[in-house]
Amino acid sequence: MSSVGLFAYGSAGGRDGVDLGEVPFVVVDVETTGLSSTSDRIVEIALVRIEGGRVVDEWATLVDPGRDPGPTFVHHITADMLSGAPTFADVAGEILSRLDGAVAVAHNARFEEGFIAQEFARVGISTAPLPAVCTLRLARQVLAAPNFQLVSCCTVYGIELHDAHTALGDTRATAQLLPRLLAHAPALRFPSAPVPLPRYPRHARPRTRVTGLRKGADGWIQSLLGKLPYSTGDADPASAEAYLAAVGSVLSDGKLTGVEAKALARLAGQSGMGAQQVRVLHHRYLDGLRDVALADDILTSTEYRQLVTAARILGEPDYFADLTAPEIETTDRIQAAKQRGQRVWCSPSVAADVRDRLTQAGFVLALNLTRNVVTAVVAAADQDNTKVARARILAIPIRSDLTLDDMLGTAATPSLASQQTGSTAAAVGAEGTGPRTVPTPAAAAHVPTQRVPQVIVGWYLDPSGRWTYRFWDGQGWTEKVSGGDGRTWSDSTALPLWCAPTTGGLVDGQQPHTLVDQIMTMQKNDIHAALLLTVRCIDAVENDSRINGYGVAPWFYERAAIIFARLADPAAEVAVLERFARQRHAPGAKPPQLLDRLRRLREATTGA
């Protein structure tokens with residue numbers, strides 16, 4: 001057991017030191033401009049987190065060394081790839097946060113230790129020694145091998161080393177090697193337990209890369225996703241739009257070539273995306289195709305083939321499994337008058353008499369699920385149907401086929417208060433504890449012009465931003481407010497904002513940024529629904545900011561202000577801009593434009 005510099009190495013079978021038990025491991029690997037930690041620099045770093053013997057997270061980035069990249073023939077990193085990449089100082093905070101509370105692991109860890117320690121020193125970061133494991137040293141204790149290079153150790157255990165001499169490829173291989181070595185080694189003991197690492201600002205997004213892209217049996221996209229780290233955080237809206245535009249361009253002819261796949265890979269890497277972010281954007285693209293094809297609720301066989309082809313190319317062959325293919329071959333859109341009325345979808349086992357009652361009540365039965373379907377009527381036998389799963393994804397209210405009396409007008413609709421007896425109490429807790437949102441039954445056949453969301457009576461995050469919680473009485477926000485400590489007050493200030501409550505930084509289970517296209521589409525057809533979703537996104541990003549300190553995305557405030565301006569409601573426009581002004585803005589955000597708009601509106605109001 002030894003402790004030198006940045007890493008305090010554990011040893012197998014020793015009696016002294018600390019048994020760290022279930023402390024997670026973080027495997028780290030670097031690619032560098034050379035072999036000297038004092039004169040050379042890091043050009044790529046990857047970290048893979050292991051908990052309970054399983055990989056739970058990956059992160060990687062290229063690093064601008066401020067000089068030439070060195071032996072490109074080894075790590076295949078060119079100066080062009082490093083242009084615009086973050087410096088080590090830019091990502092030092094991310095690296096510290098990922099190493100915090102964990103045991104660092106590397107193969108030939110002295111190499112990684114020397115370079116990371118020098119980079120920390122250059123930016124003025126000092127830490128207590130981190131508990132660490134060197135898999136090279138461990139392999140020498142438990143393996144009989146001709147040598148103990150990473151590739152040789154992996155061969156002994158039948159581990160495939162993909163993308164050798166890339167930081168992510170080597171960390172993935174080491175992450176598979178570590179539990180096998182530990183299974184054959186005596187228990188590890190360390191000089192000390194992990195200590196809290198210093199906090200350091202995160203100044204830039206990562207820059208990822210894809211190397212050795214191959215079509216193989218699974219296709220170009222699966223190869224691309226497999227070579228990116230699992231997740232790096234949400235792509236910024238500008239990068240997302242650029243990537244979506246590129247996807248639309250390369251798939252316009254219904255096929256994807258190797259050159260086009262590599263162009264997508266470069267764009268994803270330059271935007272700092274991981275596999276999860278790319279996959280989410282692919283889903284956005286496919287959802288957009290679906291919305292266009294089903295805009296009038298008519299799906300031709302040509303459109304169906306185009307959708308299925310796009311999904312297959314993007315590695316999602318079952319993405320449109322919920323669609324009902326046309327029964328006859330159609331190349332042109334059927335010229336038929338669109339039926340008027342609210343659209344309802346029924347699952348396959350819903351009885352014919354229920355369908356008849358729905359149509360007699362003025363509803364239109366939809367063949368496929370689209371965003372303008374107001375309710376999905378589902379029989380008990382169809383709960384696992386793929387279309388029912390799609391309804392949940394689209395946040396379409398789901399109703400049992402046995403509880404339709406209020407929709408059909410054959411019985412009085414129970415009041416929210418009687419449905420939710422006792423639900424109005426005790427939703428207020430400590431600040432940061434989000435109340436639960438439970439959807440109410442779908443709207444009755446006669447819907448008011450302004451779509452007010454139906455939400456269970458109770459306390460929710462205050463949409464005005466003035467208090468932590470505000471009371472929703474089932475129809476609108478009331479004057480009752482709370483700071484989150486159990487006490488309540490009366491706030492008679494007008495509330496121009498209205499929204500459905502949201503918690504956890506998500507809206508309908510999605511990150512707010514993934515809903516940008518949906519908001520823009522909804523605004524064309526239902527401006528009040530677009531406003532509802534926009535303000536729910538505002539709640540989500542503010543909640544996320546309170547919890548994680550990530551800052552607030554200005555796009556949603558700007559969109560809400562635009563909608564209020566279109567609705568000729570200057571008081572509401574001022575309110576949403578004032579709410580924006582109170583927030584902690586994300587790094588790189590440019591709020592002056594919105595704040596200038598707020599100043600002008602205030603002056604106009606004062607002048608009036």
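## Cavities, a pocket and two sets of strands

Helix α5 is the top contributor to the lining of the second largest cavity, giving 3 residues. This is a predicted model, and this briefing goes through its enclosed spaces, one open pocket and some strand pairing. Strand β4 is worth keeping an eye on: it turns up in the strand pairing with β5 and again in the lining of the second largest pocket.

**Second largest cavity**

- The volume here comes to about 60 Å³.
- Lining residues are Tyr9, Gly10, Ser11, Ala12, Val133, Cys134, Arg137, Leu138, Gln141 and Leu188.
- Besides α5 (135-142), strands β3 (11-12) and β8 (130-134) each give two or more residues to this lining.
- By class, the lining of the second largest cavity splits into 6 nonpolar, 3 polar and 1 charged.

**Largest cavity**

- Searching the whole structure turns up 3 cavities of 30 Å³ or more, and the largest has a volume of about 100 Å³.
- It is lined by 15 residues, and Glu44, Thr166, Leu168, Arg209 and Lys227 are the closest to its centre.
- Strand β6 (54-62) and helix α7 (167-184) each put at least two residues into the lining of the largest cavity.
- That lining is made up of 4 nonpolar, 5 polar and 6 charged residues.

**Second largest pocket**

- This pocket holds about 570 Å³ of space.
- Of its 22 lining residues, Asp29, Glu31, Phe111, His165 and Asp170 sit closest to the centre.
- The elements supplying at least two lining residues each are β4, α1 (72-75), α4 (109-122) and α6 (150-156).
- β4 gives the most to this lining, with 4 residues.
- The pocket lining divides into 11 nonpolar, 7 polar and 4 charged residues.

**Strand β4 up close**

- Why call β4 (residues 25-32) largely enclosed by the rest of the structure? Because 8 of its 8 residues are buried, and buried here means under 20% relative accessible area.
- Side chains alternate: Phe25, Val27, Asp29 and Glu31 point one way, while Val26, Val28, Val30 and Thr32 point the other way. Both sets are buried.
- Asp29 and Glu31, from the first of those sets, are also among the residues closest to the centre of the second largest pocket.
- β4 runs antiparallel to strand β5 (residues 42-51), and 8 bridges join the two. Phe25 stands opposite Ile50 in β5.
- β4 also pairs with strand β7 (residues 103-106), this time in the parallel sense and over 3 bridges. There, Val26 has Ala104 as its bridge partner.

**The four-strand open sheet**

- Here 4 strands line up in the order β11-β10-β12-β13, with parallel pairing.
- Which strands are the edge strands? They are β11 (364-365) and β13 (398-400), each pairing on one side only.
- Helix α14 (residues 386-393) packs on this sheet and touches β10, β12 and β13. Its direction makes about 130° with that of β13.
- Strand β10 (residues 343-346) and strand β12 (residues 373-378) pair over 4 bridges in the parallel sense. Trp345 has Ala376 in β12 as its bridge partner.

Definitions and conventions: Residues are numbered from 1 along each chain as its sequence is written. This is a predicted model: local features need pLDDT of at least 70, side-chain atom pairs count only at pLDDT 80 or more; totals for chains, interfaces and linings use all residues. Side-chain values use heavy atoms; hydrogens and water are left out. Buried means under 20% relative accessible area, exposed over 50%, partly exposed in between (1.4 Å probe, protein chains only). Two strands pair if DSSP finds at least two bridges between them. Contact means heavy atoms within 4.5 Å. Axes are lines fitted to C-alpha atoms, for helices over the stretch in contact, and angles run from 0 to 180 degrees between N-to-C directions. On a 1 Å grid over the protein atoms alone, a cavity is a set of points where a 1.4 Å probe fits but cannot get out, and a pocket is an open set with protein on both sides within 12 Å along at least five of seven lines; lining residues have an atom within 4 Å of a point. Grid points are joined across faces, edges and corners, and a volume is the space filled by probe spheres set on the points. Ala, Val, Leu, Ile, Met, Phe, Trp, Tyr, Cys and Pro count as nonpolar, Asp, Glu, Lys and Arg as charged, and the others, Gly among them, as polar.
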